[in-house]
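Work through the exercises below with the sequence and the coordinates open. Try each task before reading its solution.

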Amino acid sequence: MQLPYPEEAWKEIPKIFWSDLNQLPFQTCLMCNTNFEESQQPYLIEKAVKGIVGGQALSTVFEYAVCLGCAEQMNLSLSESSRIKIAQYFETHIHFNARREALQDAEQSEWIKNCLVKHRPPREQEECQLYAFCLGDKMLYHEFPYMITSEALDEMLQLLSAKTLDILNGFKDDFFDGPPELKELLEKGGPKVLL
Ligand SMILES: [Zn+2]
């Protein structure tokens with residue numbers, strides 16, 4: 001797959017984006033089980049964590065990785081009005097190009113230091129969600145990675161239709177067949193917004 005990003009935008013995946021279950025990088029898609037390394041399918045990581053200290057999260061609330069194909073399907077299954085509202089919210093609040101320029105020479109950890117929307121670190125004990133886009137054992141530094149505090153996530157949740165919230169909750173139920181540790185992680189939180 002050809003990806004339209006310069007080679008220097010791909011870097012090693014920092015440990016904060018590894019799976020908490022086995023302390024290794026994510027290997028398979030939560031939804032279709034495709035192996036990321038073998039298939040060379042790009043994939044997205046979402047982790048909800050509390051307390052980031054020295055580039056490490058003190059606790060993980062939930063985590064998963066999905067291949068781009070499954071993420072797109074999931075996104076398309078959300079209601080159109082929800083998708084439009086989230087896209088508008090992003091457009092109003094986030095200036096990805098300016099952010100990328102400001103961060104391009106910064107340490108990797110700077111990318112997730114401040115909330116993408118609120119421009120501040122998470123408060124003590126405040127949950128936040130981390131997002132990354134990867135290919136094989138490399139992570140892209142472009143629009144991703146970013147961190148969103150629960151304050152901003154709550155604002156986004158208010159924009160979602162009842163139908164979309166049902167789908168997101170159903171997503172959590174559908175993937176309870178996985179390993180018990182994963183089930184436990186998903187039950188604690190579950191994806192709130194699949195971006
Ligand atoms: Zn998949």
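The exercises below concern a predicted model and go from the overall fold to single residues.

**Exercise 1. Outline of the chain**

Task: State how many helices and strands the chain has, and give their order.

Solution:
- Counting the elements gives seven helices and six strands.
- Read from the N terminus, the order is β-α-β-β-α-α-α-β-β-β-α-α-α.
- The chain has 195 residues, and 28% of them are buried.
- Of the contacts between residues at least 6 apart in sequence, 67% link residues at least 24 apart.

**Exercise 2. Strand pairing**

Task: Find which strands pair with E2, and in which sense.

Solution:
- Start with E3: ten bridges connect E2 and E3, and the pairing is antiparallel.
- A residue pair that fixes the register is Lys 47 opposite Glu 63 in E3.
- The connection between E2 and E3 is a hairpin with two residues between the strands. In that turn, Gly 54 has a positive phi of about 55 degrees.
- Next take E4: E2 and E4 are joined by eight bridges, again in the antiparallel sense. Here Leu 44 faces Phe 133 in E4.
- The path can be continued from E4 to E6, since four bridges join these antiparallel strands. Tyr 131 is opposite Tyr 146 in E6.

**Exercise 3. The largest nonpolar core**

Task: Identify the residues that touch the most other members of the largest nonpolar core, and the elements that supply at least two residues each.

Solution:
- The core has 36 residues, and Ala 65 and Val 66 touch the most other members.
- At least two core residues come from each of strand E2 (43-53), strand E3 (56-67), helix H2 (68-77), strand E4 (127-135) and strand E6 (146-149).
- Leaving aside residues up to four places away in sequence, Val 66 touches Cys 29, Leu 30, Met 31, Tyr 43, Leu 44 and Ala 71.
- For E6, check each face: Tyr 146 and Ile 148 are buried on one side, and Met 147 and Thr 149 are buried on the other.
- As a general background, nonpolar side chains in soluble globular proteins tend to be buried together.

**Exercise 4. A loop residue**

Task: Decide whether Phe 26 is buried or exposed, and list what it touches.

Solution:
- Phe 26 sits in the loop between strand E1 (10-12) and helix H1 (36-39).
- Phe 26 is buried because 23 C-beta neighbours lie inside 10 Å, and the cut-off for buried is 20 or more.
- Not counting residues up to four places away in sequence, Phe 26 touches Ser 19, Phe 36, Ile 45 and Ala 65.
- Phe 26 and Glu 63 are 37 residues apart along the chain, with 9.8 Å between their C-alpha atoms.

**Exercise 5. Backbone exceptions**

Task: Examine the backbone at Asn 33, His 119 and Pro 145.

Solution:
- Recall that most residues other than glycine have a negative phi, and that most peptide bonds are trans.
- Asn 33, in the loop between E1 and H1, has a positive phi near 70 degrees. Asn 33 counts as exposed because 11 C-beta neighbours lie inside 10 Å.
- His 119, in the loop between helix H4 (96-103) and E4, has a positive phi of about 55 degrees. With 12 other C-beta atoms within 10 Å, His 119 is exposed; the cut-off for exposed is 12 or fewer.
- Pro 145 belongs to the loop between strand E5 (138-140) and E6. The peptide bond joining Phe 144 and Pro 145 is cis, with omega about -10 degrees.

Methods
Residues are numbered from 1 along each chain as its sequence is written. This is a predicted model: local features need pLDDT of at least 70, side-chain atom pairs count only at pLDDT 80 or more; totals for chains, interfaces and linings use all residues. A nonpolar core is a set of buried Ala, Val, Leu, Ile, Met, Phe, Trp, Tyr and Cys residues joined through C-beta atoms within 7 Å. Two residues are in contact if their C-beta atoms, placed from the backbone, lie within 7 Å. Two strands pair if DSSP finds at least two bridges between them.
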